[in-house]
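Please examine the structure shown below together with its sequence. The report that follows describes helices, buried residues, salt bridges and distances in turn.

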Amino acid sequence: MPRLEEIQANLLDRLQEAKEQGWLGEVAAIEASLAAEQKLAAMRDLAARHTTVHLGMPDLRGVVARIDSEQRNEDAKR
């Protein structure tokens with residue numbers, strides 16, 4: 001199976017030939033293929049850089065204390 005570098009080199013050779021021959025449709029198709037491969041490579045790079053980040057457990061003590069305080073205030077008003 002050809003490696004990505006070989007495929008890209010082949011596409012660049014075909015692009016040069018298509019430009020020399022004036023094959024505009026072939027030029028457009030090869031340029032679209034090259035652009036798609038660049039986008040896929042960028043996506044792979046981005047996926048490789050992003051890792052899972054451990055955020056830990058949330059600390060709910062402040063929330064519970066505030067709710068408890070609000071409940072006591074409501075009870076005191078009654």
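In this predicted model, helix H2 has three buried residues, namely Val-27, Ile-30 and Leu-34. The cover over these buried residues of H2 includes helix H1. Helix H2 itself runs over residues 24–49, and helix H1 over residues 4–21. The length of H2 can be checked by a short calculation. H2 has 26 residues, and at 1.5 Å a residue it should span 38 Å. The expected span is 1.5 Å times one less than the number of residues. The C-alpha atoms at the two ends of H2 are 38 Å apart, so the expected span and the distance in the model agree.

**The nonpolar core**

Which residues make up the largest nonpolar core? This core has 6 residues in all: Leu-11, Leu-15, Ala-18, Val-27, Ile-30 and Leu-34. Helices H1 and H2 each supply at least two residues of this core.

Two members of the core show how the helices meet. Leu-15 lies in helix H1. Its relative accessible area is 10%, and Leu-15 is therefore buried, since buried means under 20%. When neighbours within four places in sequence are left aside, Leu-15 is in contact with Val-27, Ile-30, Glu-31 and Leu-34. With the corresponding neighbours left aside, Ile-30 is in contact with Leu-11, Arg-14 and Leu-15. The pair Leu-15 and Ile-30 thus appears in both lists of contacts. Another residue pair can be described by its backbone: the C-alpha atoms of Leu-15 and Ala-28 are separated by 8.9 Å, and these residues are 13 residues apart along the chain.

**Salt bridges**

How many salt bridges does the structure hold? The structure holds 5 salt bridges, and the table below presents some of them, including the distance between nitrogen and oxygen atoms.

| Residue pair | N to O distance |
|---|---|
| Glu-37 and Arg-44 | 3.5 Å |
| Arg-61 and Asp-59 | 2.8 Å |
| Arg-66 and Glu-70 | 3.5 Å |

The accessibility of the residues in these pairs can be stated as well. Arg-44 counts as partly exposed because its relative accessibility is 45%. Arg-61 has 63% relative accessibility and therefore counts as exposed, as the limit for exposed is over 50%. Its partner Asp-59 is partly exposed, with a relative accessible area of 49%.

Arg-66 and Glu-70 both lie in helix H3, where they are 4 residues apart, about one turn of the helix. Arg-66 counts as partly exposed at 48% relative accessibility, and Glu-70 also counts as partly exposed, at 43%.

**A nonpolar surface patch**

Which residues make a nonpolar patch on the surface? Leu-60, Val-63, Val-64 and Ile-67 make this patch, and its area is about 350 Å². Ile-67 is located in helix H3, which covers residues 61–77. The relative accessibility of Ile-67 is 47%, so this residue counts as partly exposed.

**Distances from helix H1**

Two further residues of H1 relate this helix to residues far along the chain. Asn-10 is found in helix H1 and counts as partly exposed at 40% relative accessibility. The C-alpha atoms of Asn-10 and Pro-58 are separated by 53 Å, and the two residues are 48 residues apart along the chain.

Gln-8 is also found in helix H1. Its relative accessible area is 35%, and Gln-8 is therefore partly exposed. Between the C-alpha atoms of Gln-8 and Glu-70 the separation is 66 Å, with their positions 62 residues apart along the chain. Glu-70 is the residue of helix H3 whose side chain meets that of Arg-66 in a salt bridge.

Note on methods. Residues are numbered from 1 along each chain as its sequence is written. This is a predicted model: local features need pLDDT of at least 70, side-chain atom pairs count only at pLDDT 80 or more; totals for chains, interfaces and linings use all residues. Side-chain values use heavy atoms; hydrogens and water are left out. Patches are made of residues with over 30% relative accessible area and no salt bridge: like charges are joined within 9 Å, nonpolar side chains (Val, Leu, Ile, Met, Phe, Trp, Tyr) within 5 Å. Accessible areas come from the Shrake-Rupley method with a 1.4 Å probe; for residues, only the protein chains shown count as cover. A salt bridge is a side-chain nitrogen of Lys or Arg within 4 Å of a carboxyl oxygen of Asp or Glu. Buried means under 20% relative accessible area, exposed over 50%, partly exposed in between (1.4 Å probe, protein chains only). A nonpolar core is a set of buried Ala, Val, Leu, Ile, Met, Phe, Trp, Tyr and Cys residues joined through side-chain atoms within 4.5 Å. Contact means heavy atoms within 4.5 Å.
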